[in-house]
Amino acid sequence: MSVLSDYLAELVRSQLDGCKANSIPDGVKIEELVHLSHINHMDYLLLGALLKTTGISKEWKEILRNYVMRSIVRTTEQVMEYKEMVRRFEKNEIVNQPMKGAWMKFIYPSPEMREMSDIDVLIKCGYMEKAGEVLKGMGYSLQQAIKHHDIYVKKPFMVIEAHKAMYDKTVDNNQYKYFSDFSKAKLKEGHAYTYDFGVDDFYIYMIAHMAKHFYVMGCGIRNLVDIYVYLNKYEKNMDRQYIDTELKKLGIDIFAKYMEELAITWLERLPFSSFQQQLFDYMLDSGIYGKDENGIWHKFSEEKMKEKSTSTKQLKLWYFFPPMTYMTEYYPWLEGKTILLPIAWMIRACRGIFMNKGSKKRKMLHKIEEDKILVYKNIYQKMQLHFK
């Protein structure tokens, strides 16, 4: 395990366990820790722990204190808004189910340890319009209606996403169907219209949600902390046979195995294998939402699965002239019409130029080294996420 990986684990554990971490070790810069805490949405966990250490200048302590206070204020507001939202949904008889972040906040030792950028809630079909009126009554305005959720905002920073579906159909139809209704959920105790997953089903959803982000653009290390905290709290009460069976049905059992092992190895501060270090570094750099340019790896890895070697030239060729399997996802009219593939390539190129789509991917293609291509391809092949 690298010095940076180990110290990040020490900071996280010091917050979870309520103890004091050691000072910043040689080879690790405070600027780097602040940057990583921001992109992974872990300001309270990492910077809160860092603030308690010795050897930090007054200037940096003030900076860290501001970041931590901002995180605490945001969490306090979110918890209040979450409770008020559920209260109003109950009053107005709106069937709903709060999603991942709103659930996870209350599993950590204290809610501020688990940051979230917005409140996600699933609204049962037929109740979206009514839910929108309730949210507007709370001071929110509809910012944008996207394919499977509506985004409501209230200044200065509150965001509620009202989802029509628990899972994105365009990522994997199998998982979309699995989470398409409230059949896996049960009424929350003391409520008539608000649902929750049980311990086992929430864990399955948590892994599925993580796998989706990893597959589309990558995901950050906070997901590893989620796994670690959840298992430490509920593992003795979990039906592992049921969970493993369901994960296998969803095609994410291998992914879950690697992520569970990485979470435990990292936060127990055990030695990393070379692959675990590569995977951790990739996730650490991806940040909480991943990177747009990371979206290339899963498809490229699937297409090149049988090849023993991969070069920068192959990657560029693949990117500018993707195979039929990739193109039909974005241009459904291509299905069964291979002769039209060159036309689809031209349309894709024009969209890329005039709409500035894929600019980050193109920059990545010019800068990436061949050993990195092999590392990323190996990561995605090992995960075996073959979504349809």
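The following paragraphs describe the fold, the central features of one sheet and the surroundings of selected residues in a predicted model.

The protein chain contains 18 helices and seven strands. Of its 388 residues, 52% are buried. Contacts between residues far apart in sequence are frequent: among contacts with a separation of 6 or more, 69% link residues 24 or more positions apart. The chain exposes about 19,000 Å². Carbon and sulfur atoms supply 54% of that area.

Five strands form an open sheet. Their order is S1-S2-S5-S4-S3, and the pairing is mixed. Strand S1 (96–98) and strand S3 (141–145) stand at the edges. Each has a single partner strand, so one side of each is left without a neighbour in the sheet. From one strand to the next, the twist averages 25 degrees.

Within this sheet, strand S2 spans residues 119–123 and strand S5 spans residues 158–163. The two run parallel and are joined by four bridges. Isoleucine 119 stands opposite isoleucine 160 in S5. A helix also lies across the sheet strands: H4, residues 58–91, crosses S1, S2, S4 (149–154) and S5. Helix H4 runs at about 15 degrees to S2.

Serine 5 provides an example of a buried site. This residue lies in helix H1, which covers residues 3–17. Its relative accessibility is 1%, and the cut-off for burial is under 20%, so serine 5 counts as buried. Its contacts reach well along the chain. Neighbours within four places in sequence aside, serine 5 is in contact with Trp266, Phe272, Gln277, Phe280 and Asp281.

The surface offers a contrasting case. Isoleucine 347 is found in helix H16, residues 341–354. The relative accessible area of isoleucine 347 is 34%. Buried residues fall under 20% and exposed ones over 50%, so isoleucine 347 is classed as partly exposed. Isoleucine 347 also belongs to a nonpolar patch on the surface. The other members of the patch are Trp333 and Ile343. Together the three residues have about 260 Å² of accessible area.

Terms used:
Residues are numbered from 1 along each chain as its sequence is written. This is a predicted model: local features need pLDDT of at least 70, side-chain atom pairs count only at pLDDT 80 or more; totals for chains, interfaces and linings use all residues. Side-chain values use heavy atoms; hydrogens and water are left out. Two strands pair if DSSP finds at least two bridges between them. Axes are lines fitted to C-alpha atoms, for helices over the stretch in contact, and angles run from 0 to 180 degrees between N-to-C directions. Contact means heavy atoms within 4.5 Å. Patches are made of residues with over 30% relative accessible area and no salt bridge: like charges are joined within 9 Å, nonpolar side chains (Val, Leu, Ile, Met, Phe, Trp, Tyr) within 5 Å. Accessible areas come from the Shrake-Rupley method with a 1.4 Å probe; for residues, only the protein chains shown count as cover. A salt bridge is a side-chain nitrogen of Lys or Arg within 4 Å of a carboxyl oxygen of Asp or Glu. Buried means under 20% relative accessible area, exposed over 50%, partly exposed in between (1.4 Å probe, protein chains only).
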